[in-house]
Amino acid sequence: VRKPHFDKILIANRGEIACRVIRTAKKLGIRTVAVYSEVDADSLHVKIADEAFCIGPAPSSESYLRIDKIIEVCHRSGAQAVHPGYGFLSENANFAEQLANEGITFIGPPASSIISMGSKSESKTIMTNAGVPCVPGYHGANQDPHHLLSEAEKIGFPVLIKAVHGGGGKGMRTVHSASAFLDALESAQREALKGFGNADVLVEKFIERPRHVEVQVFADTAGSTVSLWERDCSVQRRNQKIIEEAPAPGLSPELRADLGGKAVAAAKAVNYVGAGTVEFIFDKDTDKFYFMEMNTRLQVEHPVTEMITGLDLVEWQLEVAAGNPLPLSQSEIPMVGHAFEARIYAENPRNDFLPDSGRLVHLSTPVPTHVFAPPVSTVSASPSVRVEQGFGTGAQIGVFYDPMIAKLVVHGADRTEALRALRVALEEYQVVGVSTNIAFLRALAGHPAFIAAEVETGFIPKYRDELLPPLTEPSVVLLAQAALFLALRDQPPSTPSATPWVRLTARRFGGDVHTRTLALETETGTAVSVHISARPNAGGSSVLYDVAVHPTKALAPVEFRGVSAELASPTALSATLAGALTRATIVPQPHGSAGAERLHIFSGSHTTTVLRRAPAWAEELSADAHTAARGALRAPMPSLVVEVRVAVGQRVEKGQAVVVLESMKTETVLRAPADGVVKAVGCAKGEMVEEGRELVDIEEDTEAAA
């Protein structure tokens, strides 16, 4: 007899995963309870849940990691079960145990499985005993730094330091020499302690050309365990995935069966229940795979598995948690087509992928074709698109949490079709307000090596120069569109009797022609001058524009004559340039305090940003006109100061660590740009600092400066 679903569940998470769980619960008629921190009061997951409770200030240690507060909300709301999402408390055995003690169901594996798989060292022992191959390394309890260094030397460099209780790339460092080992160890341990409450690490042989291949497993309380096929998550930056696909390309049927069988054996070895992912390192040089770890939760990238199987994995989680058997046996689980997921992050790929924060001024996504994965029996000939997001226009992307904005998921009949759909969808994705990796993802999805499925974890470093080529100048068409947008936006509201010189704010030199000159600056810093003249058409019923773009002083201007243009909305420009109808979305964003603004231009597959400079007199009066003198170290993003390693008057050497920052769970070390003496320290440990804040000023040695 099938057991009924819960009446009400609490989602102990935020962002897109909280929204994802809520959507499935609503589909099944289950009421939902959201929890949120003070800065998340207006978040999407709070708005779409049936009930929502504030559980504390912004820091996760005071809100989303507070087990006592979450249990209190369960009792207040009457929630019978808790879905932990991923991250936060999703792999916390103590959380699962305390919920059980309170009579509340944890929608996840038993605490014993979390403990066994949560320790990377213990899990390696279990896997070895279960016949699952493991990477050579040191997984012992002795955490003395010099002992770990000795073990690393025995293994042979390069080695990988990994937090024993880590995940998501946190507490992980690749070390290529003994001289760099201790500094990397200290950084990894500190990151692990903050992220997981445990600084213990293991040291493993670093495989030079690995792929990251993982298997989705599911098990019920009756002991049935199945594989829902594998995913390839090889392409990563900062040890974190940014694009995933299913199934993994290039695997033979025999290898796929072996991989799935080993993953099922791993799950059975710890009496697993629920959704889990067994991660493997696949050595491209030997075609061998090794157990890496098991994530005892739903993965960020689970939608690609849903798309090739036509299943709802959150629904499966709820079925198993209610005590029901798995909905399908291994032989009944389909695998149809190919799927990709691209993670949309608030980060700057050209600044080492450092996270960004700010308000989402503008957000426009591709139009989704589905909310959930369509059943494979009804998969249409055209590709499918899903957008998993937890934020809308106006949302604030803060410094306290992961910088992921959304996930773009596509499915096609095969890898070629799915990848083509991904590129098209990425071209339609528009975000203004924070730096994003969208342009980088477009370059990645269009790279010949990625198209050929030549994936490995070192893909981005290997092709970095091709994925992040030097910025190029925008076309004259884009510059003309920017100027027309400004001219049309700034003109007074028209009336039926208004003449062109009333409608266009500019100067008139006899007759009916009005002119305006706009000073723009491209992303490369090139100054561009655009002259616009407005005149009535032959009948006098509308306005035509003559646009002359001066791309540089050395080149002759490019002219567009008799241009018709209009703003269909505050950000939608339509203009006929050189006989072709062009459409663009142009979003302005204030820049500095002198009145300048950035114009973010989205026109077809082309995206660029130009700066409309403020008048010269305003720039001269602005405190933002110039940065501080040489030697000043500034915060590259809004951050928490983790450590200040220098004091006023202290001598420093070029490359010496000066300040350690943390933003969105990622550590950044600022280093001295040259030999010198510390003149000033403008921050303190534990302080929140805004982007651009001067943290340390170093007076460079005269000899070095010369």
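In this predicted model, F459 and Y463 are both buried. Their rings form an aromatic pair of the tilted kind, with 4.8 Å from centre to centre and 50° between the planes. A pair of aromatic rings is described by exactly these two things, the distance of the centres and the angle of the planes.

How many aromatic pairs does the structure hold? There are twelve. Another of them is F88 with Y401, which is edge-to-face: the centres are 6.3 Å apart and the planes make 80°. F88 sits in the loop between β4 (81–83) and α4 (93–101), while Y401 sits in the loop between β23 (396–397) and β24 (404–412), so this pair ties together parts that are 313 residues apart in sequence. F88 is partly exposed, at 26% relative accessibility, whereas Y401 is buried, at 6%. F88 and Y401 also belong to one aromatic cluster with Y64 and F400.

**Charges over rings**

Rings can have charged neighbours too. K27 lies over the face of F372, 4.2 Å from the ring centre. In the case of R237, the charged end sits over the ring of Y345, at 4.4 Å from its centre.

**Two open sheets**

Let's move on to the strands. Strands of a sheet pair through backbone hydrogen bonds, either parallel or antiparallel.

One open sheet has four strands in the order β40-β39-β37-β42, with antiparallel pairing. Its edge strands are β40 (666–671) and β42 (688–689), each of which pairs on one side only. Helix α8 (residues 181–196) packs on this sheet and touches β37, β39 and β40; the direction of α8 makes about 140° with that of β40. Within the sheet, β37 (residues 639–644) and β39 (residues 657–663) are antiparallel and joined by four bridges. If you want to find one of these on the structure, look for L640, whose bridge partner in β39 is E662.

A second open sheet, again of four strands with antiparallel pairing, has the order β36-β43-β41-β38. Here β36 (632–634) and β38 (651–652) stand at the edges with a single partner strand each, so one side of each has no neighbour in the sheet. Three bridges link β36 to β43 (residues 694–700) in the antiparallel sense. R634 is bridged to E694 in β43.

**A hairpin and a strand residue**

What do β31 and β32 form? They make a hairpin, with two residues between the strands. β31 (residues 565–569) and β32 (residues 572–577) run antiparallel and are joined by four bridges. One place to look is S569, whose bridge partner in β32 is A572.

R535 is found in strand β28 (residues 527–536) and is partly exposed, at 25% relative accessibility. R535 and T515 are 20 residues apart in sequence, and their C-alpha atoms are 9.2 Å apart in space.

**Cysteines without partners**

A disulfide is a covalent bond between the sulfur atoms of two cysteines. How many disulfides are counted in this model? The count is zero. Why does C74 not form a bond with C54? The sulfur of C54 is the closest cysteine sulfur to that of C74, but at 16 Å it is too far for a bond. C233 tells a similar story, because its sulfur is 19 Å from the closest cysteine sulfur, in C134, which is too far for a bond. C74 is buried, with a relative accessible area of 1%, and C233 is buried at 0%.

**Backbone exceptions**

Most residues other than glycine have a negative phi, and most peptide bonds are trans. The table lists some exceptions.

| Residue or bond | Feature | Value |
|---|---|---|
| F157 to P158 | cis peptide bond | omega near 5° |
| A246 to P247 | cis peptide bond | omega near -5° |
| W229 | positive phi | near 75° |
| F353 | positive phi | about 60° |

Where do these residues lie? P158 is in the loop between α7 (145–155) and β7 (159–167). P247 is in the loop between β14 (243–246) and α9 (253–269). W229, by contrast, is in a strand, β11 (residues 225–232). F353 is in the loop between β18 (347–348) and β19 (354–355), and F353 counts as buried, at 2% relative accessibility.

Note on methods
Residues numbered from 1 in each chain as written. Predicted model: local features only at pLDDT ≥ 70, side-chain atom pairs only at ≥ 80, totals over all residues. Heavy atoms only, no water. Pairing = 2+ DSSP bridges. Contact = heavy atoms within 4.5 Å. Axes fitted to C-alpha atoms, helices over the stretch in contact; angles between N-to-C directions. Disulfide = S-S within 2.5 Å. Buried < 20%, exposed > 50% of the residue type's maximum accessible area, 1.4 Å probe, protein only. Phe/Tyr/Trp six-rings, centres within 6.5 Å; stacked < 30°, edge-to-face > 60°. Lys NZ or Arg CZ within 6 Å of the ring centre and 35° of its normal.
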